[in-house]
Amino acid sequence: MENIIVRGGRQLNGTVRVEGAKNAVLPVIAASIIASEGKSIIHEVPALADVHTINQVLTHMNAEVDYQGNTVVVDATQPLLTEAPFEYVRKMRASVLVLGPLLARYGHAKVALPGGCAIGSRPIDLHLKGFEAMGAEVHVGNGFVEVSTRDRLKGAKIYLDMPSVGATENIMMAAALAKGKTIIENAAKEPEIVDLANYLNKMGAKVVGAGTETIKIEGVDKLQGVEHTIIPDRIEAGTFMVAAAITGGNVLIENAEIEHIRALVSKIEEMGVKVIEEKNGIRVIGPRRLKSTDIKTLPHPGFPTDMQSQMMALMLQASGTGVITETVFENRFMHVEEFRRMNAKLKIEGRSVIVEGPVNLQGAEVAATDLRAGAALILAGLVAEGRTRVTSLHHIDRGYVDITEKFANLGADIERVIQGETTIITEVQQVEVQ
Ligand SMILES: CC(=O)N[C@H]1[C@@H](OP(=O)(O)OP(=O)(O)OC[C@H]2O[C@@H](n3ccc(=O)[nH]c3=O)[C@H](O)[C@@H]2O)O[C@H](CO)[C@@H](O)[C@@H]1O
Ligand SMILES: C=C(OP(=O)(O)O)C(=O)O
């Protein structure tokens with residue numbers, strides 16, 4: 001079993017470069033299977049366990065996938081299987097993102113039902129509602145969801161009860177080849193939606209309005225493979241911003257896009273952190289004393305739920321009482337129990353956590369309960385007294401490339417170990433481990 005060991009007390013200084021965004025690359029790779037002509041060449045692909053999973057899903061379906069350096073090349077011109085079994089969906093819920101592309105191109109898709117996960121029940125009813133509105137039949141049974149249509153999908157007006165990122169992406173991809181116009185109302189506005197729309201448009205689709213609450217898609221007859229570069233990962237960037245802030249350090253986060261993380265920037269500035277936009281990225285300088293604040297997670301452009309646990313770590317070091325309210329996922333406070341093992345004073349009240357700071361965090365044995373919680377525990381470990389051991393690293397490997405090396409390069413006392421021994425983990429080994 002692998003663990004990360006952090007010894008607290010070092011200030012972080014230097015430069016770190018963020019990777020391409022996990023949440024942008026997964027739908028983009030999924031969308032590449034709509035291309036019936038030409039190869040899709042995708043750059044800035046992060047070497048994450050989730051990327052290997054989506055590549056395996058495509059390979060299972062008969063697409064040719066070549067992954068070298070940070071580039072993935074997908075050739076989906078040959079006939080594809082239209083099923084994704086449980087072994088992939090179990091590892092990664094985003095496997096459901098092949099539903100829209102397969103339905104669009106083949107009129108059929110069958111994917112194992114994702115089920116609940118650590119952060120909430122996460123149904124896919126809105127994805128299915130969208131497909132049904134476009135004329136697809138939906139059948140759920142034996143642990144699978146199957147969507148099919150005898151005729152070509154028809155454009156439709158679809159109102160999402162909530163601005164679901166995955167539903168917006170799946171419907172956008174299905175609508176790309178539908179007959180006529182689809183309008184998605186109350187669509188998700190995340191930067192990753194815009195990246196997917198840009199990619200689809202390069203492939204020949206007609207998508208307008210991505211990044212606003214109304215997206216219009218005029219269906220076309222076919223899409224072709226193109227070259228695309230994935231946007232930077234705003235959550236990885238945010239995690240390093242918090243690392244600089246929590247240690248009172250000075251870190252340049254290269255390749256970070258400030259427009260994608262305004263809500264986070266504004267909150268950490270309220271806490272006394274200095275944020276400077278530079279030519280190559282964002283410089284973050286932590287203050288001597290942090291002031292507490294309140295946070296409410298919301299769909300973009302609100303405060304991202306994927307930064308909630310990292311902010312909890314930061315608020316534990318801030319003076320005063322702060323309230324964190326989670327409105328996106330109903331069960332995303334699993335890390336509270338782990339922070340408490342580190343001497344945190346946290347009180348859960350319904351969908352909020354009251355954070356009393358500052359506390360003297362103490363190193364402890366803690367487990368990552370999801371990928372962001374894992375990163376948050378490392379952040380807490382950076383300032384805790386003594387040694388923190390973080391386990392369940394498969395969560396962290398889903399969303400962070402070389403997190404141990406990146407923190408070590410900034411001056412952290414951190415190492416990844418196997419059964420008590422220090423090891424250097426290569427990308428290939430990481431894939432075998434998950
Ligand atoms: C791979 C990826 O991009 N993951 C991101 C994506 O997840 P994901 O796309 O799964 O998140 P959604 O935006 O769909 O989920 C938001 C909320 O809507 C609910 N819901 C969603 C769909 C549905 O059909 N019915 C329904 O009730 C979910 O249970 C959740 O409570 O957006 C989340 C919210 O920003 C992020 O935390 C995830 O990192
Ligand atoms: C919740 C997350 O991802 P996923 O939707 O892939 O589980 C995340 O990236 O924090």
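Trainee: How many residues of domain 1 are in contact with residues of domain 2?

Mentor: Good place to start! Keep in mind that this is a predicted model. The size of an interface is often given as the accessible area lost when the parts come together. Here we can count residues: 21 of domain 1 are in contact with 15 of domain 2.

Trainee: Where do the two domains lie along the chain?

Mentor: The domain assignment gives 2-19 + 233-433 as domain 1 and 22-229 as domain 2. Taken over C-alpha atoms, their centres are separated by 30 Å.

Trainee: Which helices each supply at least two residues of the side of domain 1 that touches domain 2?

Mentor: Helix H13 (393-399) and helix H15 (427-433) do. As for chemistry, the residues of that side divide into nine charged, six polar and six nonpolar.

Trainee: Now the sheet, please. In what order do its four strands run?

Mentor: Read across the open sheet and you meet E5-E6-E4-E16, with mixed pairing. Strand E5 (64-68) and strand E16 (227-229) each have a single partner strand, so one side of each is left without a neighbour in the sheet. On average, neighbouring strands are turned by 15 degrees against each other, direction ignored.

Trainee: In which sense do E4 and E6 pair, parallel or antiparallel?

Mentor: Antiparallel, over four bridges between residues 39-43 and residues 71-75. Look for serine 40, which stands opposite valine 74 in E6.

Trainee: And which strands do helices H1 and H2 touch?

Mentor: Helix H1 (residues 22-31) packs on the sheet against E4, E6 and E16, its direction making about 170 degrees with that of E4. Helix H2 (residues 49-60) touches E5 and E6, at about 150 degrees to the direction of E5.

Key. Residues numbered from 1 in each chain as written. Chains lettered and ligands numbered in written order. Predicted model: local features only at pLDDT ≥ 70, side-chain atom pairs only at ≥ 80, totals over all residues. Pairing = 2+ DSSP bridges. Axes fitted to C-alpha atoms, helices over the stretch in contact; angles between N-to-C directions. Contact = placed C-beta atoms within 7 Å. Domains from an automatic or database assignment. Nonpolar A, V, L, I, M, F, W, Y, C, P; charged D, E, K, R; others polar.
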